[in-house]
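Subject: Structure handover

Hello,

Here is the structure you asked to look at. Please open it beside this email and follow along.

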Amino acid sequence: MHKLNSFLFLILFLFTCVIAEGQSYTSIASGSWSNPAVWTLPWGSAPVPPQGNQDVLISAGTTIIGATGNTYRLDINGTLIFTGDYTNSAGGLTIEDGGTFIINGNFTSSSNIVINGNGKLKV
């Protein structure tokens, strides 16, 4: 019985890790990219802002402003403004209908870019 409980715990743990790996940072308020208070994760508030190579969702009605040297998998429904250069190489960029991505610098991409409806990319 002990081995069965240990096995079930291991399966549950691995399943939880797989689900958590694919979760997105989601903006819940407008503000600075570096402010943890504007971000949430599915399991609670974000202790730090996105650190790179992570899924990031900019929610409709929010505007996030910041500078980053990291790359992200971005899904933009609201407005994202980066000051400085940005490289899209982490798995894609999707700008949804109504979303806006403004890059005040150079933009380099070696990954997919999808712009839906009247989404806007301004460099």
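A residue is called buried when its relative accessible area is under 20%, exposed when that value is over 50%, and partly exposed in between. By that rule Arg73, at 30% relative accessibility, counts as partly exposed. Please keep in mind that this is a predicted model.

Overall picture

The chain has 123 residues, and 31% of them are buried. Its secondary structure comes to one helix and 14 strands. The accessible surface is about 6,900 Å², with 58% of that belonging to carbon and sulfur atoms. If you take the contacts between residues at least 6 apart in sequence, 20% of them join residues at least 24 apart.

Strands and sheet

Five strands make an open sheet with parallel pairing, in the order β2-β6-β8-β11-β14. The edges are β2 (31-32) and β14 (120-122); each has a single partner strand, so one side of each is left without a neighbour in the sheet. Strands β11 and β14 run parallel and are joined by three bridges. One place to look is Phe101, whose bridge partner in β14 is Leu121.

Strand β1 (residues 24-27) pairs with β5 in the parallel sense over three bridges, and Tyr25 has Val56 of β5 as its bridge partner. With β3, β1 pairs in the antiparallel sense over two bridges. There, Thr26 stands opposite Thr40. As background, strands of a sheet pair through backbone hydrogen bonds, either parallel or antiparallel.

Salt bridge

How many salt bridges are there? The count comes to one. It joins the side chains of Asp55 and Arg73, with 2.4 Å from N to O. Asp55 belongs to strand β5 (residues 55-58) and Arg73 to strand β7 (residues 73-76), so the salt bridge ties together parts that are 18 residues apart in sequence. Asp55 is buried, because its relative accessible area is 19% and the limit is under 20%. Its partner Arg73 is partly exposed, as noted above.

Core and aromatic rings

The largest nonpolar core has 19 residues. Trp33, Trp39, Leu74, Leu80 and Phe101 have the most contacts inside it. At least two residues of this core come from each of β3 (39-41), β5, β7, β8 (79-83), β10 (93-95) and β11 (100-104).

The structure also holds eight aromatic pairs. In one of them, Trp33 and Phe82 meet edge-to-face, 5.2 Å centre to centre and with 65° between the planes. Trp33 lies in the loop between β2 and β3 and Phe82 in strand β8, so this pair ties together parts that are 49 residues apart in sequence. Both Trp33 and Phe82 are buried. Phe82 forms another edge-to-face pair with Phe101, at 5.5 Å centre to centre and 75° between the planes. That pair links strand β8 to strand β11, with the two positions 19 residues apart in the chain numbering. Phe101 is buried, like Phe82. Ring pairs link Tyr25, Trp33, Trp39, Tyr72, Phe82, Tyr86, Phe101 and Phe107 into a cluster.

One more residue

Thr100 lies in strand β11. Is Thr100 buried or exposed? Thr100 is buried, because its relative accessible area is 13%. Beyond its neighbours within four places in sequence, Thr100 is in contact with Ile76, Gly78, Thr79, Leu80, Ile95 and Lys120.

Regards

Key: Residues are numbered from 1 along each chain as its sequence is written. This is a predicted model: local features need pLDDT of at least 70, side-chain atom pairs count only at pLDDT 80 or more; totals for chains, interfaces and linings use all residues. Side-chain values use heavy atoms; hydrogens and water are left out. A salt bridge is a side-chain nitrogen of Lys or Arg within 4 Å of a carboxyl oxygen of Asp or Glu. Helices (H or I, at least four residues) and strands (E, at least two) are DSSP runs, numbered from the N terminus. Buried means under 20% relative accessible area, exposed over 50%, partly exposed in between (1.4 Å probe, protein chains only). A nonpolar core is a set of buried Ala, Val, Leu, Ile, Met, Phe, Trp, Tyr and Cys residues joined through side-chain atoms within 4.5 Å. Contact means heavy atoms within 4.5 Å. Accessible areas come from the Shrake-Rupley method with a 1.4 Å probe; for residues, only the protein chains shown count as cover. Two strands pair if DSSP finds at least two bridges between them. Rings of Phe, Tyr and Trp (its six-membered ring) pair if their centres lie within 6.5 Å; planes under 30 degrees apart count as stacked, over 60 as edge-to-face and the rest as tilted.
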